[in-house]
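Me: I'm new to this structure and would like a close look at its inside. Please start with the nonpolar core and work outward from there, in plain language.

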Amino acid sequence: MYKQNVLVAMMLILSVILPPSIQSLKLKAGTWGKSFLKKNQETQTNLQFYFHDTVSGKNPSVVKVAEPVDKSKPFVTQFGSIWMADDPLTETSDPKSKLVGRAQGIYASSCQQEPGLLMSLSYSFVDGPYNGSTFALVGKNSVMNPVREMPVVGGTGLFRMARGYAIAKTHMYNLTTGDAIVGYNVTLVH
């Protein structure tokens with residue numbers, strides 16, 4: 001009994017004197033996400049998932065909702081076109097892998113000299129401890145660059161007041177259909 005009381009007392013003392021960087025919030029969502037408490041009491045979350053942008057087929061996840069009035073110019077960039085998206089987010093690049101969320105919103109071709117999109121999407125999660133939480137990404141996506149960085153400007157649920165960045169890397173792009181799979185590595189501070 002004495003040893004048990006001493007052990008409990010030592011654990012209480014250690015929990016009080018340990019630096020905040022050792023005490024941590026540890027949330028994990030399978031292989032695609034983890035959160036931990038930083039020294040300044042903010043949580044940092046790292047997410048790795050895949051975005052499936054399907055233009056083709058009977059049930060596309062993205063549709064063009066507007067295009068330029070002047071269609072006489074052969075714009076490779078599709079400057080002025082606007083798409084609405086409801087893209088699945090999965091744990092791996094396989095479209096049949098576990099659904100972890102959806103990217104919903106709008107993107108528009110905003111560049112005349114290169115294929116570049118202005119993206120305004122809400123990434124909503126449906127899996128694990130992040131179920132019901134979202135973050136918002138708003139920024140330029142230079143889609144022909146192999147790796148792109150875009151800003152995270154807010155969030156809800158566990159990601160309330162989030163800020164951070166998303167690194168997007170094209171995993172697959174089909175020139176014929178326009179379908180794409182993009183790997184996302186996201187760092188959030190909230």
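What follows goes from the chain as a whole to the core, and then on to the pockets, the salt bridges and two loop residues.

Reply: Before we dive in, this is a predicted model, where local features need pLDDT of at least 70, side-chain atom pairs count only at pLDDT 80 or more, and totals for chains, interfaces and linings use all residues. Residues are numbered from 1 along each chain as its sequence is written, and side-chain values use heavy atoms, with hydrogens and water left out.

The chain has one helix and 11 strands; helices (H or I, at least four residues) and strands (E, at least two) are DSSP runs, numbered from the N terminus. Reading from the N terminus, the order is α-β-β-β-β-β-β-β-β-β-β-β. Of its 190 residues, 35% count as buried. Here, buried means under 20% relative accessible area, exposed means over 50%, and partly exposed is in between (1.4 Å probe, protein chains only).

Now for the part you asked about. A nonpolar core is a set of buried Ala, Val, Leu, Ile, Met, Phe, Trp, Tyr and Cys residues joined through side-chain atoms within 4.5 Å. The largest one holds 30 residues, and the members that touch the most others are Leu47, Phe49, Tyr123, Phe125, Phe135 and Tyr184. Many strands chip in: E3 (43-53), E5 (82-90), E6 (99-109), E7 (117-125), E8 (134-141), E9 (147-156), E10 (163-173) and E11 (180-189) each give two or more residues. E7 gives the most, with five residues.

Which residues does Leu47 touch, leaving out those up to four places away in sequence? Its partners are Trp32, Gly33, Phe125, Tyr130, Phe135, Phe159, Tyr184, Asn185, Val186 and Leu188. A contact here means heavy atoms within 4.5 Å. Across the chain, 46% of the contacts with a separation of 6 or more involve residues 24 or more positions apart.

For another spot, try Ala108 in strand E6. Its C-alpha is 6.7 Å from that of Met119, and the two are 11 residues apart in sequence. With residues up to four places away in sequence left out, Ala108 touches Ser81, Ile82, Trp83, Gly116, Leu117 and Leu118.

Leu117 turns up again in the largest pocket, as one of the lining residues that lie nearest its centre, along with Asp53, Val143, Tyr173 and Gly178. On a 1 Å grid over the protein atoms alone, a pocket is an open set of points where a 1.4 Å probe fits, with protein on both sides within 12 Å along at least five of seven lines, and lining residues have an atom within 4 Å of a point. The largest pocket has about 710 Å³ of space, a volume being the space filled by probe spheres set on the points, which are joined across faces, edges and corners. Its lining has 28 residues, split into 16 nonpolar, nine polar and three charged. For these classes, Ala, Val, Leu, Ile, Met, Phe, Trp, Tyr, Cys and Pro count as nonpolar, Asp, Glu, Lys and Arg as charged, and the others, Gly among them, as polar. E3, E6, E7, E10 and E11 each supply at least two lining residues, and E11 has the largest share, with three.

The second largest pocket has about 150 Å³ of space. Asp53 is in its lining too, among residues that include His52, Thr54, Pro88 and Ile181. Here E3, E5 and E11 are the elements that give two or more residues.

What about charges? Side chains of opposite charge can pair when their charged atoms come close. Counting a salt bridge as a side-chain nitrogen of Lys or Arg within 4 Å of a carboxyl oxygen of Asp or Glu, the whole structure has five. In one of them, Arg163 meets Glu42 at 3.0 Å, N to O. That pair links distant parts of the chain, 121 residues apart: Arg163 is in strand E10 and Glu42 is in the loop between strand E2 (33-37) and E3. Another joins Lys98 and Asp127, also at 3.0 Å, N to O. Lys98 lies in the loop between E5 and E6 and Asp127 in the loop between E7 and E8, so this pair ties together parts 29 residues apart in sequence. Lys98 is partly exposed at 42% relative accessibility, whereas Asp127 is buried at 11%.

Last stop, two loop residues. Gln78, in the loop between strand E4 (62-66) and E5, has a phi near 55°, a positive value in a residue other than glycine. Met161, in the loop between E9 and E10, has a positive phi as well, near 65°. Gln78 is partly exposed at 34%, while Met161 is exposed at 66%.
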